[in-house]
Amino acid sequence: DLRTIAIVRACDPEQIAKNMWPALQEHLIIPESETYKFFQQGESGETRNRNLTASYRFAHDRIQQAANNLIPPEQQQAIHLQIGRMLLGDTPDQQANLFEVVNHWNLGRELLRPDEQQQLAHLNWLAGRKASAPAAYESALEYFQVGLSLLASDAWKTAYQLTLDLHAGAVKTAFVCGDYAQMEAWSAIALQQSRTVLDQVKFYDVQIQAQMAQGMPAGAIDIALTALTLLGI
């Protein structure tokens, strides 16, 4: 949308619309509604609804690929990270365009400053949780995995709640996706590092469900008995 492009380019939406006009004329990009005309005609922000923006799309995937290929490979990560930083800084509500922000940050994560890694881990947890809501579990699992990869080696001590939440999200999503081996690996780590029995129970819960899903009720009973013993029952 025009407002996002304006943020990335640090330019007024009207100027962006003017710059994009030749591409529209050549049918390289296509407006998704008639609202682009308000910007094209130079209508001022005072007379135009301030919440109004125009959205565009590339006429074909090949055109988008060709445009992307104009960026030297060694610059692409830096550009994605720059876009992610600018979008995040201009978005008071992190949930508004969360996936767009996180996707840009993830593409440039190798260039992160040390102080940004935990921030991006948190954003990936938010994105994973949001993707899980409409049952986009494969995408959610990717976000949780990236989040886990960004945690510091001592994260269980320095960022306990975030580390616990990422493991919980990853374990549950891996179970839903049928990746039982990865689910068990993350569960083992979380069960070893969890500070309280109530934190451990959420992982035992998923393990029980996984045993049942694989047709192993006896294993489910064993895990349930272990959890009940820890709870004093």
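Select helix α7 and helix α10 in this predicted model: α7 passes α10 in a left-handed crossing. Helix α7 spans residues 114–132 and helix α10 spans residues 160–176. The two pack at an angle of about 35°, and their axes lie 10 Å apart.

Next, display the side chains at this contact. From α7, select Q118, A121, H122, W125 and S132; from α10, select L162, D165, L166 and T173. Colouring these residues by class shows four nonpolar, four polar and one charged.

Now turn to the salt bridges, of which there are three. Begin with R85 and E116, whose closest N and O atoms are 2.8 Å apart. This pair links distant parts of the chain, since R85 belongs to helix α5 (residues 73–89) and E116 to helix α7, with their positions 31 residues apart. The two partners may also be viewed by accessibility. R85 counts as partly exposed because its relative accessibility is 32%, between the limits of 20% and 50%. E116, at 3% relative accessibility, counts as buried because its value is under 20%.

Keep E116 selected and add R113: these residues form a salt bridge, with 3.2 Å between the closest N and O atoms. Then add D115, whose side chain meets that of R113 in a salt bridge of 3.3 Å, N to O. R113 is partly exposed, with a relative accessible area of 41%, whereas D115 is exposed, at 54%.

Finally, show R85, R113, D115 and E116 together. Which residues do the salt bridges that share partners join into one network? They are R85, R113, D115 and E116.

Definitions and conventions:
Residues are numbered from 1 along each chain as its sequence is written. This is a predicted model: local features need pLDDT of at least 70, side-chain atom pairs count only at pLDDT 80 or more; totals for chains, interfaces and linings use all residues. Side-chain values use heavy atoms; hydrogens and water are left out. Axes are lines fitted to C-alpha atoms, for helices over the stretch in contact, and angles run from 0 to 180 degrees between N-to-C directions. Helices (H or I, at least four residues) and strands (E, at least two) are DSSP runs, numbered from the N terminus. A crossing is left-handed if the near helix is turned anticlockwise from the far one by less than a right angle, and right-handed if clockwise. Contact means heavy atoms within 4.5 Å. Ala, Val, Leu, Ile, Met, Phe, Trp, Tyr, Cys and Pro count as nonpolar, Asp, Glu, Lys and Arg as charged, and the others, Gly among them, as polar. A salt bridge is a side-chain nitrogen of Lys or Arg within 4 Å of a carboxyl oxygen of Asp or Glu. Buried means under 20% relative accessible area, exposed over 50%, partly exposed in between (1.4 Å probe, protein chains only).
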